[in-house]
Amino acid sequence: MRVAPLALTFAFLALSGALHLFFGLPADLPLADLFASGGGFAETLFWQGEVPRATMAVLVGAGLGLAGSAIQEITRNPLASPVTLGTVSGAWTALLLATIFIPAFAAAHGIWICLLGGAGVTALVLAVAGFARMDGLILVILGIAANLFLGGVGVVLALLHGQIASTLFIWGAGDLTQTGWTETIWLAPQIAIAAIALLTLSRPLTLMRLGHQVAEGRGLVTVPLSIGVMGLAVWLTAASVSAVGAIGFIGLIAPNLVRLLGVQTTFMRLLLGAIAGAAALLLTDCIPVALADWSKTLIPSGSSAALIGAPALILLAFRHMRAERPGSFHLPSGRNSIPRPLLGLILATCPVAALLAIGFGGSLDGPVWIGNASANVRDMLLSLRWPSVLAAAAAGTAMATAGTILQRLLRNPLASPDVLGVTSGATFAIVVAVLLAGLPPAETAAPSAAIGSLAVLGLLTLIWRRRDTPPSLLILTGIALAALLDALVHFALAKGGDEANTLLTWLTGATFLTGPTEALMLSGCTCVVIAVALAARRWLTLLSLGEATAAARGLSVERARQGMLLLVSVATASVIAWVGPISFVGLLAPHAAAMLGAKTAGQQLVASAGIGCSLLVLAELIGRIAFYPNQIAAGAIATLIGGAYLFGVQLLGMARRKTSIL
């Protein structure tokens, strides 16, 4: 093995450590007094705050980097990591649940709770993806879906248990702040024992590179080895999460940095992966340390890691996925055509759902029908409920329409505004306009959302124009963009102070915050969007057949594509501006419509619009009744439903062994 990669990695670690200590050095502490005995407050702050924080960053970074290296060796997937498999979010969600419901047990046994949650989610993602597809894109997408679903669970818990969960969320976003050496001393042996165990398994892991069948032919028992290695990787992740919260992307960046150095042996890949992870987390943590005086509140260390990790994911995707065939996504097949009575039933469900949502409310004794109230109370409830129900119906219809357009344009059933980062772009633009630019929300929300969504779609279009860019790569790029923009939103919220608290509820997709004027404006925009989409259904049909076929039929492909993307931007920006981010509806509704037999563009637009409308209206009703006296945002409920749907249809597809529709 050459010395250069080892020397370069240690140099990276030393430089990152020096920068971290430099930014963490108190301004009023001269270097000459750094080692003085009996020092004052500045010296104590440095030795009991900054140095333990840097040490914790080394330990956590090494653990996550080693975990990512081990996972990539087992899966042979350069995009697999604790964050892209859902391990981090599983560990954190389990700890959040335990802290709320069994706080004493969680305080005493946090690492075991994190281990259980991380292992459970990782095993589910691996099982759903399938053994043969661990090296494909589907593994990563299912992990991201798990992250979105568990994020929805966290939002619901935060709204139901506000004070406890909000405090945990600040720490759970990744907080390396230390007030002594206690946590560092506890974490060090956890990381060391697992690291030694993984390094001793480097020899059998080398055989695994040849493939499971070849390795078994040479006498290696692959299943126990795979379980053991994944278990150790989950242990490293669980220990890190229980100590500092959820920090992602380090386990993705570190092993790929080592691969870029040309390291071939498994032992050195694991060892240098740990060192590179420590250096990467030290470097990314310099951002919140350096900006501590600028920000009014704590900047999460996990968000700063995402600022570097998300662009790295994009670069890695372009390097590794362009020449590879991405893993296919299995969905259960549906009807060949949708009967008119069924289509009519889908549309009829919308007013029925709206009537139920307006008519029923919550109480301590269960759902209460509005007709049982007095006339004055009934009028008051109607005036409060109809705007939120109308906004939910319009938002669900708009997001379903946007998802249908994107899926047909990209010829990929995984495309939707939230997955491609369009929703995150619009959200980021509004947060920046309100918090950083100080502009009034009412006047700037709609144009800011339009600019943000158009910017993301424009960037994706530039990437898409390259003829060798597969649609699946575009999906992964959108996922990375969404992660990057979400990290920037956390930075903006950290700077925002009191104004940021107002936006937190809006970020959950709270339709109950929408007033009559906003609901009517959103409904008008949605009607225009669905009308234009139906008028352009021939374009969508031709574009879904491929650019060459569409051009041969006389369609101006570039003009049609730009027009459809503009329509998606209008739909997404309208929803974000007047309701807030809505996840999964744009993914779920077109899927469900296709499974019911809506194969043509016109049928799928109508059916998915009806499904999206009913889904979000029912989510509004569930959020109002199920958790009374609290009201949960419809966007959070839709996220839970959508995540469960994505895994459910994949499991059905595996059970029925149907052919992929990709």
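**Helix α11, residue Thr9 and the nonpolar cores**

Helix α11, residues 222–244, comprises 23 residues and reaches 33 Å from its first C-alpha to its last, close to the 33 Å expected at 1.5 Å a residue. The model is predicted. Most of α11 is covered, with 18 of the 23 residues buried. Gly245, just after α11, takes a positive phi of about 95 degrees.

In the chain as a whole, 27 helices and two strands are found. The chain has 662 residues, of which 57% count as buried. Its accessible surface comes to about 26,600 Å², and carbon and sulfur atoms hold 68% of that area. Among contacts with a separation of 6 or more, 81% are accounted for by residues 24 or more positions apart.

One residue in a contact across a long stretch of sequence is Thr9, which lies in helix α1, residues 3–24. Thr9 counts as buried because its relative accessibility is 4%, and the cut-off for burial is under 20%. When neighbours within four places in sequence are left aside, Thr9 is in contact with Leu261, Leu272, Ile275 and Ala276. For the pair Thr9 and Leu272, the C-alpha to C-alpha distance is 6.8 Å, while the separation in sequence is 263 residues.

Nonpolar side chains tend to be buried together in soluble globular proteins. The largest nonpolar core of the model contains 97 residues, and the members that touch the most others are Ile405, Leu420, Ile475, Leu522, Val575, Leu616 and Val617. Helix α16, residues 375–410, contributes the largest share of this core, 14 residues. Apart from this core lies another, of 74 residues, including Leu66, Ala91, Trp92 and Leu96. Leu522, one of the residues that touch the most other members of the largest core, is in contact with Ala391, Ala394, Ala395, Ser574, Val575, Trp578 and Val579, again leaving aside neighbours within four places in sequence. Val575 thus appears both in this contact list and among the core members that touch the most others.

The cysteines were examined next. A search of the whole structure finds zero disulfides. For Cys527, the closest cysteine sulfur is that of Cys525, and the two sulfurs are 9.3 Å apart, so the distance is too far for a bond; the cut-off for a disulfide is 2.5 Å between sulfur atoms. Cys114 has a relative accessible area of 0% and is therefore buried.

Definitions and conventions: Residues numbered from 1 in each chain as written. Predicted model: local features only at pLDDT ≥ 70, side-chain atom pairs only at ≥ 80, totals over all residues. Heavy atoms only, no water. Helix = DSSP H or I, 4+ residues; strand = E, 2+ residues; numbered from the N terminus. Expected span 1.5 Å × (residues − 1). Buried < 20%, exposed > 50% of the residue type's maximum accessible area, 1.4 Å probe, protein only. Contact = heavy atoms within 4.5 Å. Areas by Shrake-Rupley, 256 points an atom, 1.4 Å probe, with all protein chains shown as cover. Core = buried A, V, L, I, M, F, W, Y, C linked by side-chain atoms within 4.5 Å.
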